Structures are given as C-alpha cells and as structure tokens.
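I opened the model today to look up its overall shape, its secondary structure and the packing inside it. My entries follow in the order in which I checked things.

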Amino acid sequence: MDPIDTKPWWASRTIIGQAMQLISIVAGALLGIQVDPATQALVVDQVTAFACAAVTLVGTGITIWGRLRASRKIG
C-alpha cells in the first residue's frame, strides 16, 4: 500500500462509526438512552471534521515551530 494513500486509524469514518455504535449500545443498555442512526451519522461527520481540523492545526503549528527553530536558511 502506498504511504501517500494511507491515513491514521482515528481518521477513519469506519472506526469512528463503530465507536459511536459501541457507545450507543452501552448507553442504551446502561442508561436507557437510544441514539438513532441519523444522529450517529451526524456525530461521525462532526468528529471527522474536528479530527481533520485538529490535524491541520497541529501540522501548521509544527511547520511554523520547525521553521523558527531552524538553524539554516532554506536554499
């Protein structure tokens, strides 16, 4: 598999969706809370968007920090 085509496990909609499904099952069993599929899909979309934004923000911060800490000019 080409490393360019990979993504971190936590950015996978499948993993997020399964985590939400597990949480809804546990919440339903322990607390009597029911989460419908539309709400699960909305939460998955929001978590995915947040994860992408967080990764972008961290990447930008590392880039700026790396350039400020650099000891040589870019050639």
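Entry 1, overall shape. I find a radius of gyration of 19 Å for the chain, whereas a compact globule of 75 residues would be near 11 Å; the radius is taken over C-alpha atoms, and the globule rule is 2.2 Å times the number of residues to the power 0.38. The C-alpha trace spans about 60 × 30 × 20 Å along its principal axes. Of the 75 residues, 15% count as buried, meaning under 20% relative accessible area with a 1.4 Å probe and protein chains only, while exposed is over 50% and partly exposed lies in between.

Entry 2, basis. I note that this is a predicted model, in which local features need pLDDT of at least 70 and side-chain atom pairs count only at pLDDT 80 or more, while totals for chains, interfaces and linings use all residues. Residues are numbered from 1 along each chain as its sequence is written, and side-chain values use heavy atoms, with hydrogens and water left out.

Entry 3, secondary structure. I looked up the elements and found two helices and zero strands, these being DSSP runs numbered from the N terminus (helices H or I, at least four residues; strands E, at least two).

Entry 4, one residue. Ala19 is found in helix 1 and is partly exposed, because its relative accessible area is 36%. From Ala19 to Gln40 I read 10.0 Å, C-alpha to C-alpha, with their positions 21 residues apart in sequence.
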